[in-house]
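This report concerns the pockets and the metal site of one protein model. The sequence and structure are shown first.

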Amino acid sequence: MLEAPAHRRHTLGDRQGGSGPTMIVMTGLHGNEPAGGRAARRVLARLEREGLEINGRFVVLAGNLRALAAGIRFLDCDLNRQWTQERVAELQNQALNDAEATEQRELLAAIREVANQSTGPVYFLDLHTTSAVGPPFVTVGDTLRNREFARSFPLPLIFGLEEQVDGALLEYLNNFGLITLGAEAGQHDCDRSVDRLEALMWLALRSAGLLAPDAVEGRVYAGVLREASRGVPRVIEVRYRHAIDDQDGFEMLPGFHNFAPVEKGQVVARDRNGPIHARESGLILLPLYQGKGEDGFFIARPLRTFWLYLSAFLRRLRIGAFLHWLPGVHCSRDQRLELTIDTRIARWYPLEVFHLFGYRKRRRTGDTLIVTRRAFDSNEPETTRL
Ligand SMILES: [Zn+2]
């Protein structure tokens, strides 16, 4: 008998029926976050038990298997920071041999196999939990299609997290036109995190059309999420990331939870150089209370929904195509979706202007700012091919 390909080890469930869209759910990309897998097993068990019909294809993957077995975030490197085009290219050359490279090769094969067989839109959910206590929220790479899907969930919506970190899985997938959503459900080992992720999956299946609207108790599940995130602003933009490495001796001061307010100048953490002050006032996001990680904390602030409407309006008009007519703004020659901005000349258009048109900051060197736009903002790819 032929042995199954190695990447199939990651498949927790695969249900198909009808000709609807495809939904892939990633669980346990961080090995110390078992809640996603537990929630997905509940969903799969109920689909089976009640014989609920799936219209399309619903696939659940387990992420970092070896880290999950060890109960730690990762072995050699964070598997949710490795999805750059350069690293993925290296993977194919078999040149990489860190512990996560094997996991990543297998996951890429698993995702490709499902996504490339799809005929309609492909939805991708990435389920996470946090080391700190706090209400659940969803994170969105800012495309109009992602925004539209995110509206299915009565949860705070966070923009700009992917702009602060390189190599997140969802950002890699956005570039192929998948509709993506990241979820943070609460603390790692809390049973309520499992309940919330289960609720989120049922709502996702309904809203994407893989389940009939009356198949499950949508109002009950929406209630679970609404109740858990009560009092948190609905739309939030990440403004700052405190990057750390192993040598920093970073230590978050106790008592910060997700969305805890901070004032500019307030001491929020310390490292071997002394106290660390908040760069600006806002809300603390993802404070690090575990040994491993490259992000100490983020600072975010509420965004008025007016800006979302305005930016959707401007983007549908496709005015963004003319941004390079502005003084100091140039199209990059080889990259259709990239703008180079000379900030000495274009100093009057802050980054927010480019955000409005769906651009994200890539890097700043001296007076030059590079921003890029995602390929599938409002349009769907004809076929999904990773
Ligand atoms: Zn995580």
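## Second largest pocket

In this predicted model, 19 residues line the second largest pocket, and those nearest its centre are Arg-147, Arg-151, Leu-157, Leu-308 and Tyr-309. The volume of this pocket is about 460 Å³.

Two helices, α5 (144–150) and α10 (305–317), each contribute at least two residues to the lining of the second largest pocket. By class, that lining comprises 11 nonpolar, two polar and six charged residues.

## Largest pocket

The largest pocket holds about 700 Å³ of space. It is lined by 23 residues, the closest to its centre being Gln-85, Asn-175, Arg-360, Arg-362 and Thr-372. Two or more lining residues come from each of α3 (85–92), α7 (169–174), β17 (359–365) and β18 (368–373).

The largest share of this lining, three residues, is supplied by β17. The lining of the largest pocket divides into 10 charged, seven nonpolar and six polar residues.

## Zinc site

The zinc ion is coordinated by ND1 of His-30, ND1 of His-128 and Glu-33 (OE), the last of these listed twice, at 2.0 to 2.5 Å. Along the chain, the donors follow the spacing H-x2-E-x94-H. His-30 is buried, with a relative accessible area of 4%, and Glu-33 also counts as buried, at 3% relative accessibility.

The angles among the four donor atoms run from 55 to 142°. Four donors count as tetrahedral only if all angles lie between 85 and 135 degrees. The site of the zinc ion is classed as irregular.

Note on methods: Residues are numbered from 1 along each chain as its sequence is written. This is a predicted model: local features need pLDDT of at least 70, side-chain atom pairs count only at pLDDT 80 or more; totals for chains, interfaces and linings use all residues. Side-chain values use heavy atoms; hydrogens and water are left out. On a 1 Å grid over the protein atoms alone, a cavity is a set of points where a 1.4 Å probe fits but cannot get out, and a pocket is an open set with protein on both sides within 12 Å along at least five of seven lines; lining residues have an atom within 4 Å of a point. Grid points are joined across faces, edges and corners, and a volume is the space filled by probe spheres set on the points. Helices (H or I, at least four residues) and strands (E, at least two) are DSSP runs, numbered from the N terminus. Ala, Val, Leu, Ile, Met, Phe, Trp, Tyr, Cys and Pro count as nonpolar, Asp, Glu, Lys and Arg as charged, and the others, Gly among them, as polar. Donors are N, O and S atoms within 2.8 Å of the metal (3.2 Å for Na, K and Ca); water is not among the atoms, so sites may look incomplete. Four donors count as tetrahedral if all angles lie between 85 and 135 degrees; four count as square planar and six as octahedral if opposite donors are over 155 degrees apart and all others between 65 and 115; anything else is irregular. Buried means under 20% relative accessible area, exposed over 50%, partly exposed in between (1.4 Å probe, protein chains only).
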